[in-house]
Amino acid sequence: MNNPFTFGTASSGDQFTDRVVDTERLLNNFRHNINTILISPRRWGKTSLVQKAANLASNKDLKVVTIDAFYCRTEEEFYMLFATEIIKQTANKWEEWVENAKHFLAGVIPKINFGIESQAEISFSLDFSHKQYNDDVLNLPQRIASEKGFQIVICIDEFQQIAEFDNHLSFQKKLRSVWQLQQNVAYCLYGSRKHLMTELFARPNMPFYKFGDVFFLQKIATSDWVSFICERFLSTGKAISEELAQRICEAVDNHSSYVQQLSWILWTTTGQKATETDLQNALSDLLKQNSALFYRYVEGLSAYQLNFLQAVADGVQSEFTKTIVLNQYNLGTAANVKRLKNSLEKKELIDIDGKMVSMSDPVFTIWFLQTAKRNVE
């Protein structure tokens with residue numbers, strides 16, 4: 001019997017949970033050629049949501065291209081990946097890949113590598129000696145869409161990687177100047193580093209400001225999770241009460257990946273019906289599975305940074321510069337608090353929303369309160 005829950009990969013089919021309104025919003029943007037910027041903390045289900053909308057939107061009149069920019073370290077690598085995936089995902093056969101590469105990109109030398117069982121893989125040798133060629137690559141989807149008579153939506157995951165490129169502001173300006181003029185192409189840009197994505201798209205002085213519909217993904221409601229968990233247990237002949245399903249959500253603060261992972265562990269250890277003891281054992285197992293990662297989170301942190309995390313984990317959300325808070329948690333000066341916020345946000349250990357600060361990872365919070373404090377003391 002297969003476990004009805006999934007984590008660590010994008011959810012699909014019966015394992016995709018709710019997000020009916022979110023899916024409809026994204027689907028409407030795809031169909032109406034509206035650029036979308038999807039922002040949320042790590043592992044809240046962005047990739048699953050985009051894949052869901054892409055599958056629903058794709059047809060002969062609308063092609064959805066998905067690109068993962070995580071491994072791009074330079075502009076040249078981005079151009080290479082961008083051109084390759086657009087050529088591959090807007091055509092059906094490798095012969096058409098080669099034909100389109102030669103037709104739409106005169107400077108491209110297409111090379112075909114055949115993998116296992118003669119399955120075609122394509123790579124391009126690109127001539128970057130001419131600056132104009134870069135514009136040709138960025139205009140590639142518009143040229144294909146216009147000539148082939150369909151719309152294209154390009155979904156780029158880990159888009160915040162471009163902020164790591166040399167001369168990244170100049171590159172962002174180039175992307176914006178070309179993409180904003182395309183009539184038959186829409187872009188869905190998203191990534192796993194919330195603070196970088198927010199800087200790219202929410203700051204008025206950045207090139208991608210007001211590029212499209214900025215979509216801040218919210219957590220899935222407890223009621224939807226409870227229905228999902230109970231139904232998934234029932235589908236495999238096991239049972240869980242609504243109260244216990246709600247306790248799963250509360251334990252991990254409705255964090256999508258952790259709800260699935262904790263449910264996965266609980267289902268694995270449950271006989272006919274899940275019990276409170278089963279849940280406590282599953283939560284303990286969840287902490288053990290992640291403890292090595294959490295130790296890496298705190299390695300190298302300064303005493304001040306650990307103290308600040310302790311304050312947030314204890315429930316302090318704002319007013320860190322009050323004398324009583326500064327003294328209780330030994331945070332130093334008000335200026336030091338600002339530095340602590342910036343450094344911990346960059347490390348993705350905290351989220352900052354206006355004046356409110358929260359821990360980014362609810363299971364890390366539990367572990368920190370149980371383990372890290374004792375280690376520090």
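## Worked exercises on a predicted chain

Just past the end of helix 6, Gly149 adopts a positive phi of about 80°. Keep in mind that we're working with a predicted model throughout.

**Exercise 1. Stay with helix 6 and list its buried residues.**

*Solution.* Start with the range: helix 6 covers residues 140-148. Now pick out positions with under 20% relative accessible area. That gives you Leu140, Pro141, Gln142, Ile144 and Ala145. Step past the helix and you're back at Gly149, with its phi of about 80°.

**Exercise 2. Zoom out and work out the overall make-up of the chain: how many helices and strands are there, and what share of residues is buried?**

*Solution.* Count elements to begin with: the chain has 16 helices and 9 strands. Next, burial: 48% of the 377 residues count as buried. Then the surface, which comes to about 18700 Å² of accessible area, with carbon and sulfur atoms contributing 48% of that. Finally, look at the contacts with a separation of 6 or more: 72% of them link residues 24 or more positions apart.

**Exercise 3. Decide how helix 1 and helix 2 are oriented to each other, and say which residues make the contact.**

*Solution.* Step one is the geometry. Helix 1 spans residues 20-31 and helix 2 spans residues 46-57; their axes are 9 Å apart, at an angle of about 50°. Step two is the label: an angle of about 50° is neither under 35 degrees nor in the 65 to 115 range, so the two helices are oblique to each other. Step three is handedness, and this crossing is right-handed.

Step four is the contact itself. Helix 1 brings Asp22, Thr23, Leu26, Leu27, Phe30 and Arg31, while helix 2 brings Leu49, Val50, Lys52, Ala53, Ala54, Leu56 and Ala57. Sort these by class and you get 9 nonpolar, 1 polar and 3 charged residues. As for the spacing pattern, an α-helix has 3.6 residues a turn, so residues three or four places apart point the same way.

**Exercise 4. Do the same for helix 10 and helix 12: what is their angle, and how far apart are their axes?**

*Solution.* Helix 10 (residues 242-251) packs on helix 12 (residues 276-298) at about 20°, with 11 Å between the axes. Because angles under 35 degrees get that label, helix 10 is roughly parallel to helix 12. The crossing is right-handed. On the helix 10 side you'll find Leu244, Arg247 and Ile248, and they meet Glu276, Leu279 and Gln280 of helix 12. The class tally is 3 nonpolar, 1 polar and 2 charged residues.

**Exercise 5. Is Arg176 buried or exposed, and what does Arg176 touch beyond its sequence neighbours?**

*Solution.* First locate Arg176: it sits in helix 7, residues 168-179. Its relative accessible area is 17%, and the cut-off for buried is under 20%, so Arg176 is buried. Setting aside neighbours within four places, Arg176 contacts Pro207, Phe208, Tyr209, Lys210 and Phe211. Take Tyr209 as a check: 33 residues separate it from Arg176 in sequence, and the C-alpha to C-alpha distance is 9.5 Å.

**Exercise 6. Place Phe70 and find which residues Phe70 touches, not counting those up to four places away.**

*Solution.* Phe70 lies in the loop between strand 2 (62-68) and helix 3 (75-89). With a relative accessible area of 35%, Phe70 is partly exposed. The residues it touches are Asp157, Glu158 and Gln161. To finish, try Phe159: Phe70 and Phe159 are 89 residues apart in sequence, yet 7.6 Å apart in space, C-alpha to C-alpha.

Terms used: Residues are numbered from 1 along each chain as its sequence is written. This is a predicted model: local features need pLDDT of at least 70, side-chain atom pairs count only at pLDDT 80 or more; totals for chains, interfaces and linings use all residues. Side-chain values use heavy atoms; hydrogens and water are left out. Buried means under 20% relative accessible area, exposed over 50%, partly exposed in between (1.4 Å probe, protein chains only). Contact means heavy atoms within 4.5 Å. Accessible areas come from the Shrake-Rupley method with a 1.4 Å probe; for residues, only the protein chains shown count as cover. Axes are lines fitted to C-alpha atoms, for helices over the stretch in contact, and angles run from 0 to 180 degrees between N-to-C directions. Angles under 35 degrees count as roughly parallel, over 145 as roughly antiparallel, 65 to 115 as roughly perpendicular and the rest as oblique. A crossing is left-handed if the near helix is turned anticlockwise from the far one by less than a right angle, and right-handed if clockwise. Ala, Val, Leu, Ile, Met, Phe, Trp, Tyr, Cys and Pro count as nonpolar, Asp, Glu, Lys and Arg as charged, and the others, Gly among them, as polar.
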